[in-house]
Amino acid sequence: MSFRDDNEESRDLRKPFLHTGSWYKMSSRQSSIMGSSAQVLRDGSISVVLCVLIVALGPIQFGFTCGYSSPTQAQIISDLKLSISEYSVFGSLSNVGAMVGAIASGQIAEYIGRKGSLMIAAIPNILGWLAISFAKDSSFLFMGRLLEGFGVGIISYTVPVYIAEISPQNMRGSLGSVNQLSVTIGIMLAYLLGLFTNWRVLAVLGILPCTILIPSLFFIPESPRWLAKMGMMEDFEASLQVLRGFDTDISVEVNEIKRAVASSSKRTTIRFADLKRKRYWYPLMVGIGLLMLQQLSGINGVLFYSSNIFKRAGVSSSNAATFGLGAIQVIATGVTTWLVDKAGRRLLLLVSSSGMTLSLLLVAVAFYVEYSSSVSLTVCFLFIQALVISFSLGVGAIPWLIMSEILPLNIKGLAGSVATLANWLISWAITMTANLLLTWSGGGTFTIYAIVAAFTIVFVALWVPETKGRSLEEIQSSFR
C-alpha cells in the first residue's frame, strides 16, 4: 500500500462521529424551495445562537444533577434509611464520576469531535437517572449518581470548548457565558420541581434534557476549528460559512485558523511532558488555577446542601428559600452574559471574587453571632443570596470561558482534561466534606471558604490575562 493510501486510510479514521450534515451546503435555489425555515438556518447569527441553545441542554443537565441533592435530601434519607454520611457520599459521587469523565473528555472530543462526545455523554446521564428513579437501596442510588457524573464530566469540558470554537470573537464572551447560565437554569429547575414532586419523579424528569439533546445534535455543524485540525478542510470551510452566514466573507478567518493549525505541533500524540513548555504551562496554570479556586470557594457545598444550610439557620420553608436562591442565580448569571463582552473578563472576576469574600465573611459572622430566630433567618438568607449573586457575576461562568479561550489547539484535549479533572476533584472534596463541616461549625466552614475567595482576588490580579475582543488565535499566540 502506498503512502498516499495510508494517509487516506488514517483520515477516514478521523471522520467526525456525527457528520456535520449537508443542509447548509444547499444552493440558493434549493434553499428558496424550502422557504423561510431554511433561510433562518442560513442566517449566521441565528445559526450560531441556535447551535449554542442546542448544546446548552448539556449544561442544563449538569445543573439539574447539581441541584437534585438539595430538595431531595430529607425524602431519600427517610425512604432508603440513609445516614448523613451516606447521603454525603451520594451527593459527592457525581463528582467522582465527573473526574473519570473529565479524564476521558479531552481525548474523546479530540478523536470523535465535539458533537460525538456530547452524544456519548448523554447516554450515561439517561441511564443514571433511570437507576436513581428505580433505586430500592443505596447501591442503585450510588451507581446512578456515578453514571450521571461521568456524563457531566464530559459535558463540562466539551460544551464551553464547542461554544468558544464556533463563536465570532465579538460574541464569544456572551455566548460562552450561556454555558454557566444553563447550569444555573438546571439547578433552579431541580429546586423548583423538587417543591412539587417526590425524588423518584424528579429523577425521571432529569432524563429530559439529554433525551432532547441527542436528536438535536444531528442538526448542528461540527466545530470548524476541530475540523481544520483534523485536516477536513472542505467540511471546515462549510461549517464556518454557515456559522458566519452565507453572505459573509470568511476568507480572513479561514486563513487565520489555517495558519494557527499549521503553526501548531505536527505531532499526532501530545504527552504530559509537552505541558512543561513555556507556551503551554502558563495558560494551563491559569486555566487550572481558576477552575480550582472556583470550587475551593465552597460554592458547590452551598448549592448541593442549601436546604440543609437554611434549615440550620432557622428557615422554616427551606426548600422554598432554596428555589429563591436558584432564581436569583439565574438572573445574576444572565447579567454576566450581557456584561462579559462589555466589561471584560478580568474586571468581572475581580468584582465577583471580592463580593464572594465579603459575603462569606458575613455568613460566617451570622453563624457565630446568636441572633433571634427571625433576625437569623433574614441575615443568613440575605448573605447567602449575596454570595450566590457575587459568584454568578464572574467566578461561576468566566473560568470555563477562559479555559476554552486560552488553551492552544494542539494541546486542548489533554490540557482541557487536566483542568476539568482538577475542577471536579476539588468539587468532590467540597461536596464530600460540606455537610460534615457544617455539623462541626457553620461559622468555621464559611471562614475557610472566605480565605480561599480572598486568594482568588490576588490570583486574578497577578496572573489572569484579558481575552475580551481578541480571536482565539491571537490569545493563544500571545503565550509564545
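## A tour from Leu127 to the cores

Start by selecting Leu127, which sits in helix H7 (residues 84-133); helices here are DSSP runs of H or I at least four residues long, strands are E runs of at least two, and both are numbered from the N terminus. You're looking at a predicted model, in which local features need pLDDT of at least 70 and side-chain atom pairs count only at pLDDT 80 or more, while totals for chains, interfaces and linings use all residues. Residues are numbered from 1 along each chain as its sequence is written, and side-chain values use heavy atoms, leaving out hydrogens and water.

Leu127 is partly exposed, at 46% relative accessible area (buried is under 20%, exposed over 50%, partly exposed in between, with a 1.4 Å probe and protein chains only). Add Ile123, Leu130 and Phe134 to the selection: with Leu127 they make a nonpolar surface patch of about 390 Å² accessible area together. Patch members have over 30% relative accessible area and no salt bridge; nonpolar side chains (Val, Leu, Ile, Met, Phe, Trp, Tyr) are joined within 5 Å, like charges within 9 Å. Areas come from the Shrake-Rupley method with a 1.4 Å probe, and for residues only the protein chains shown count as cover.

Now slide back to Lys81, in the loop between helix H6 (73-80) and H7. Its phi is near 55°, positive in a residue other than glycine. Most residues other than glycine have a negative phi. Lys81 counts as exposed, at 67% relative accessibility.

**Zoom out**

Colour by secondary structure and you get 24 helices and zero strands. Of the 480 residues, 59% are buried.

Next, select H5 (residues 57-68): 12 residues reaching 16 Å from first C-alpha to last, close to the 16 Å expected (the expected span is 1.5 Å times one less than the number of residues). How many of the residues of H5 are buried? The count is 12 of 12, among them Phe62, Phe64 and Tyr68.

**Charged pairs**

Back in H7, show Arg114 and Glu110, a salt bridge with its closest N and O atoms 2.8 Å apart. The rule is a side-chain nitrogen of Lys or Arg within 4 Å of a carboxyl oxygen of Asp or Glu, and it gives 11 salt bridges. Because Arg114 and Glu110 are four residues apart in H7, about one helical turn separates them. Both Arg114 and Glu110 are buried. Extend the selection to Glu165, Lys229 and Lys412, which join Glu110 and Arg114 in a network of salt bridges.

Then pick Arg172 and Glu405, whose closest N and O atoms are 2.8 Å apart in another salt bridge. Arg172 lies in helix H9 (residues 172-194) and Glu405 in helix H21 (residues 398-406), so the pair ties together parts 233 residues apart in sequence.

**Into the cores**

Finish with Val464. Beyond neighbours within four places in sequence, Val464 contacts Val286, Leu290, Arg346, Leu349, Ile402 and Phe459 (contact means heavy atoms within 4.5 Å). Val464, Leu290, Leu349, Ile402 and Phe446 touch the most other members of the largest nonpolar core, which has 49 residues. A core is a set of buried Ala, Val, Leu, Ile, Met, Phe, Trp, Tyr and Cys residues joined through side-chain atoms within 4.5 Å. For the second, separate core of 26 residues, select members including Ile54, Leu57, Ile112 and Leu243.
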